[in-house]
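This report goes through one protein chain, from its overall build to selected residues and backbone details.

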Amino acid sequence: MRVVWLGWEEIYTTRRVKEAAKAQGLELEACSVHDVSFNVEGGKANAFAFGRNLLESYDGLVVRTFYPYISESLTLARLFHDAGKVVIDESLTDEGYAVSKMHDHLVLAEHGIPTPRTWQVFNPRRVEELAEQLTYPCLLKGVHGARGEHVYIVQNGEQLQRRLWHYPYGELMLQEYLPAVEDYRVMVVGYRALPLMVSRKPPKGDFRTNYSLGARFTRRNLSEFPAFQSLAENAARALRREFTAVDIRLKGGQPLALEVNRQPDFEGFERATKFDVAAEAVRYICRRVEKNQRAAKR
């Protein structure tokens, strides 16, 4: 069984998944889109990397990164799917696709999953109208950001306008700020929440709870927060994210889904919980490939 992991090889998550794959007998090769080449010959499209025809040599593809070659990553997913191979996440090949946090919030809302109030605005005049109506502080978030990048807290309309001036209209979305001493992260693999989760407290002088920025992660049992499991699993199903981290914050006692991360790095989670997320992910990948191979033999 051989699988391509489309993701940056040097990051913690990729290294851990490769270790877990080796321990479980799964041949997993990590690469970025830079390593892939495409060709069309004799009316047939192919993709190559590692000196091999990927469609002939591998049983599945796990897509963990897109940027900056979104179209090429989706093309690779389509080629694997058309060849009858497993593609994770499954939503990449059978529905319209958008790489946008605003799109995620729209889908979550359609499925009745509670999220903070959020706006994405392209018209400058509409931004000015919103600036007068918003309750401050509020958040600005890049619609394509990750790991706490392009996330700001603004205290008034003047700050909002100054911050927006540095970006093209539509690149940032506005979101209500939910004050809290901590928020929470639930890992979901194969649409099932792991039994352990973490609470996250921001570092001194910051409001962001990203591990890469120095946030403190603390191990918690999912059973302590009964509503979190259904929220996280329903959010993952709504967006059809097979391997994700759902970030949650409370508003008046009600849990809201802040984000359903497409490519979560789980270093902080593993270090805090001592739970082997990588092994769980690899077991799920193997089950998906085995199921697909059995179906192909029928």
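## Charge and overall build

For the charge count, Lys and Arg are taken as positive and Asp and Glu as negative, while His and the chain ends are left out. On that basis the chain has 42 positive and 38 negative charges, and the mean positions of the two sets lie 4 Å apart. The model is predicted.

The chain contains nine helices and 17 strands. Its C-alpha atoms fill a box of roughly 60 × 45 × 35 Å along the principal axes. The radius of gyration is 20 Å; a compact globule of 298 residues would come near 19 Å, so the chain agrees with that expectation.

## Burial and contacts

Of the 298 residues, 51% count as buried. The exposed area of the chain is about 14800 Å², of which carbon and sulfur atoms supply 48%. When contacts between residues at least 6 apart in sequence are considered, 66% of them join residues at least 24 apart.

## Thr-244 and Val-186

Thr-244 belongs to strand S16, which covers residues 243-251. Thr-244 counts as buried because its relative accessibility is 0%. A polar atom of the Thr-244 side chain lies 2.5 Å from the backbone oxygen of Asn-261. Beyond neighbours within four places in sequence, the contacts of Thr-244 include Val-186, Met-187 and Val-188, along with Ala-236, Val-260, Arg-262 and Pro-264.

Val-186 sits in strand S12, residues 183-189. With a relative accessibility of 0%, Val-186 is also buried. Thr-244 appears among the contacts of Val-186, with the same neighbours within four places set aside; Ala-245, Val-246, Ile-248, Ala-193, Met-197, Leu-222, Phe-228 and Ala-232 complete the list. Asn-221 is 35 residues from Val-186 along the chain, and their C-alpha atoms are separated by 10 Å.

## His-105 and Gln-120

His-105 is in helix H4, residues 101-110. A relative accessible area of 7% falls under the 20% limit, so His-105 is buried. Not counting residues up to four places away in sequence, His-105 touches Thr-115, Pro-116, Thr-118, Met-173, Gln-175, Ala-257 and Leu-258.

Gln-120 lies in strand S8, residues 118-120. Gln-120 is partly exposed, because its relative accessible area is 25%. Leaving aside neighbours within four places, Gln-120 is in contact with Met-102, Val-143, Gly-170, Leu-172 and Met-173. Met-173 is thus named among the contacts of both His-105 and Gln-120. Lys-101 is 19 residues from Gln-120 in sequence, with a C-alpha to C-alpha distance of 9.8 Å.

## Cis peptide bonds

The peptide bond from Ile-88 to Asp-89 is cis, with omega near 10 degrees. Asp-89 is in the loop between strand S7 (86-88) and H4.

A cis bond is also found from Tyr-136 to Pro-137, where omega is near 0 degrees. Pro-137 is placed in the loop that runs between helix H5 (124-133) and strand S9 (138-142).

## Positive phi angles

Phe-50 is not a glycine, yet its phi is positive at about 55 degrees. This residue, Phe-50, is in the loop between strand S4 (44-49) and strand S5 (52-53). Its relative accessible area of 33% makes Phe-50 partly exposed.

Arg-240, likewise not a glycine, has a positive phi of about 55 degrees. Arg-240 occupies the loop between helix H7 (226-239) and S16. At 21% relative accessibility, Arg-240 counts as partly exposed.

Definitions and conventions: Residues are numbered from 1 along each chain as its sequence is written. This is a predicted model: local features need pLDDT of at least 70, side-chain atom pairs count only at pLDDT 80 or more; totals for chains, interfaces and linings use all residues. Side-chain values use heavy atoms; hydrogens and water are left out. Helices (H or I, at least four residues) and strands (E, at least two) are DSSP runs, numbered from the N terminus. The radius of gyration is taken over C-alpha atoms; the globule rule is 2.2 Å times the number of residues to the power 0.38. Buried means under 20% relative accessible area, exposed over 50%, partly exposed in between (1.4 Å probe, protein chains only). Contact means heavy atoms within 4.5 Å. Accessible areas come from the Shrake-Rupley method with a 1.4 Å probe; for residues, only the protein chains shown count as cover. The place of a charge is taken as NZ of Lys, CZ of Arg, CG of Asp or CD of Glu. A polar contact is a pair of N or O atoms within 3.5 Å; within protein, one must be able to donate a hydrogen and the other to accept it, and residues adjacent in sequence count only if both atoms are side-chain atoms.
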